[in-house]
Amino acid sequence: MEELKQAEALLPEDVPRALLSVRLSVLTDETTSPVRQEPDLRILARERGCRVVGVASDLNVSATKVPPWKRKELGDWLNNRSPEFDELLFWKLDRFVRRLSDLTTMIEWSLKRGKNLVSKHDSLDLTTTAGKIMVTIIGGIAEIEAANTSTRVMSLWGYAKTQEEWIIGKPTYGYITGEDDAGKLGLVIDPDAHEALHWARRMALRGRSARFMVRCLKRSGLMSQGLTVATLHRRLRNPALLGYRVEEEKNGGQRRSKPILGKDGTPIRVAPPIFTEEEFKTLGAALDKRMKKQPPRRVGGATQFLGVLLCADCKTNMTVKITSNEFGTYRYLRCRDCKSGGLGSPDPAQVYERLVEDVLKVLGDLPVQVRQYAEGASVRREIKRLQDSITLYMKELEPGGRYTKTRFTKEQAEATLDKLIGELETIDPETAQDRWVNVHGGKTFRQHWHEGGMEERQPPAATTRSAVAEAEPGELPDHEELPVVGLDEVRTGLPRRTAPLGGLDPIRRMRAPW
């Protein structure tokens with residue numbers, strides 16, 4: 001390894017820069033794959049005349065579940081450090097990706113950025129004719145696979161919904177997959193879940209709260225430590241506990257399950273019931289008695305500017321609480337850790353208006369900047385052209401050169417040489433590097449704020465929390481126009497402030513964290 005690193009140090013400055021990607025799904029004490037991958041890739045880089053600038057090692061990471069741009073180390077290189085390398089080397093294609101859609105996305109990103117993907121043990125090299133043909137084939141296969149997979153999955157789910165046998169899917173809480181007396185796979189009742197559900201029903205009939213039930217169930221170990229009141233309510237109200245096949249229905253932000261009816265108009269039964277019809281009906285009635293009439297959920301949540309307004313004492317988020325009684329419905333801001341919710345505000349709308357007003361006073365006329373990827377390849381070619389021309393003229397102006405034969409040719413060559421040197425001096429060396437640049441997005445913060453709805457626009461206060469705050473943290477396959485690992489639009493604000501804006505001081509000890 002040391003010999004390879006010493007050989008890399010002797011390479012010229014202008015050689016291609018290589019990033020090595022090392023990945024392994026399961027890391028154990030006996031694993032030797034990572035140790036073998038890096039030396040092999042360094043040898044490959046030496047054969048290609050590349051200097052290794054980094055190693056992205058992602059161990060215990062599944063390529064099926066985690067695409068390259070979401071991995072801890074490789075994702076950081078792709079999202080934030082892509083100007084620092086020219087080629088991405090990996091040991092084998094399945095060490096890099098295991099989904100054709102992910103490979104197609106990475107190929108598109110590489111071609112757009114002028115990067116090259118090279119596999120040591122596969123015919124993938126975007127600089128060769130065979131590699132480009134491979135790209136076309138892979139792209140076509142990926143599209144066919146995506147269409148066929150979607151059709152197969154939809155067809156399978158559509159068929160499974162109409163069958164009394166359990167074919168596919170995750171069993172509802174209360175059931176597990178098992179074999180019946182005939183050896184046929186189906187759903188059977190989970191004994192622990194059966195005990196927990198019937199205990200919860202008895203508690204509900206006694207008028208005990210769901211919060212009390214959650215606390216007891218977690219302590220007993222009958223349900224997981226991640227159990228919440230909302231999850232318990234969904235489980236207890238699920239008609240699948242009657243043995244029916246169900247499908248999820250979302251209504252006003254609430255998740256509910258409803259039975260799927262067969263051709264005869266009755267629910268399709270796929271498992272033995274945990275509750276009888278009467279037990280399930282009385283359970284629902286008991287839960288309804290303690291149910292609070294909650295208003296419809298607001299898109300994006302009830303609290304606006306979440307993460308911007310913080311409690312000055314406990315430093316937790318100020319969130320909107322809604323209380324209804326015989327006199328009406330009240331909204332107020334409270335923190336999480338202070339006693340009785342701390343010193344909040346009884347009028348969230350007034351706080352929001354004051355916050356927007358004060359922030360726009362500071363940022364309103366400043367431009368919203370967009371981070372763009374700038375390639376330096378064209379500038380490098382221009383620098384090389386100028387350097388080659390200057391070298392030629394200097395050589396021919398030496399004694400005995402062809403430009404020294406007459407006074408006229410010498411003067412013309414000297415004038416041209418001075419012009420070329422001047423052009424070379426005007427080029428900023430930084431523009432010859434691949435880099436991120438901030439450009440004017442065409443709007444001010446005030447225009448950006450007023451043009452969109454609350455759910456669609458980025459709050460200017462949230463934008464100013466750091467010098468550069470990304471608008472979207474980049475999920476590359478969801479980007480329709482250009483798969484660039486979500487790096488193209490980053491909003492740029494002012495440096496972090498050391499104290500709250502003056503206009504926010506009267507707002508009951510709440511503060512904005514910039």
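Okay, let's start with a pair of helices: where helix 7 and helix 8 cross, the crossing is right-handed. One thing to keep in mind throughout is that this is a predicted model.

So how do you describe a pair like this? Two packed helices are described by the angle between their axes and the distance between the axes. Here, helix 7 covers residues 191-205 and helix 8 covers residues 210-220, and their axes come within 10 Å and cross at roughly 150°. Anything over 145 degrees counts as roughly antiparallel, and therefore helix 7 and helix 8 are roughly antiparallel to each other.

Which residues meet there? From helix 7 you've got Ala 196, Trp 199, Ala 200, Met 203 and Ala 204, and they meet Phe 212, Met 213, Cys 216 and Leu 217 in helix 8. Sort the residues of that contact by type and you get nine nonpolar, no polar and no charged. If you're wondering about the spacing in those numbers, an α-helix has 3.6 residues a turn, so residues three or four places apart point the same way.

Staying with helix 8, its buried residues are Ala 210, Phe 212, Met 213, Val 214, Cys 216 and Leu 217. And what covers them? The cover includes helix 7, and also helix 9, residues 229-236. Then, just after helix 8, there's Gly 221, with a positive phi of about 85°.

Right, over to the sheet. It's an open one, four strands in the order 2-1-3-4, with parallel pairing. Strand 2, residues 51-59, and strand 4, residues 116-119, are at the edges with a single partner strand each, so one side of each has no neighbour in the sheet. On average, neighbouring strands are turned by 20° against each other, ignoring direction.

Now the pairings in the middle. Strand 1, residues 17-24, runs parallel to strand 3, residues 87-90, and four bridges join them. In that pairing, Ser 21 sits opposite Phe 90 of strand 3. Strand 3 also pairs with strand 4, again in the parallel sense and over four bridges. There, Leu 88 has Leu 117 of strand 4 as its bridge partner.

So strand 4 is an edge strand, but are its side chains buried or exposed? Asn 116 and Val 118 point one way, Leu 117 and Ser 119 point the other way, and all of them are buried.

Last bit: what lies across the sheet strands? Helix 3, residues 72-80, lies across strand 1, strand 2 and strand 3, and runs at about 135° to strand 2.

Note on methods. Residues are numbered from 1 along each chain as its sequence is written. This is a predicted model: local features need pLDDT of at least 70, side-chain atom pairs count only at pLDDT 80 or more; totals for chains, interfaces and linings use all residues. Side-chain values use heavy atoms; hydrogens and water are left out. Axes are lines fitted to C-alpha atoms, for helices over the stretch in contact, and angles run from 0 to 180 degrees between N-to-C directions. Helices (H or I, at least four residues) and strands (E, at least two) are DSSP runs, numbered from the N terminus. Angles under 35 degrees count as roughly parallel, over 145 as roughly antiparallel, 65 to 115 as roughly perpendicular and the rest as oblique. A crossing is left-handed if the near helix is turned anticlockwise from the far one by less than a right angle, and right-handed if clockwise. Contact means heavy atoms within 4.5 Å. Ala, Val, Leu, Ile, Met, Phe, Trp, Tyr, Cys and Pro count as nonpolar, Asp, Glu, Lys and Arg as charged, and the others, Gly among them, as polar. Buried means under 20% relative accessible area, exposed over 50%, partly exposed in between (1.4 Å probe, protein chains only). Two strands pair if DSSP finds at least two bridges between them.
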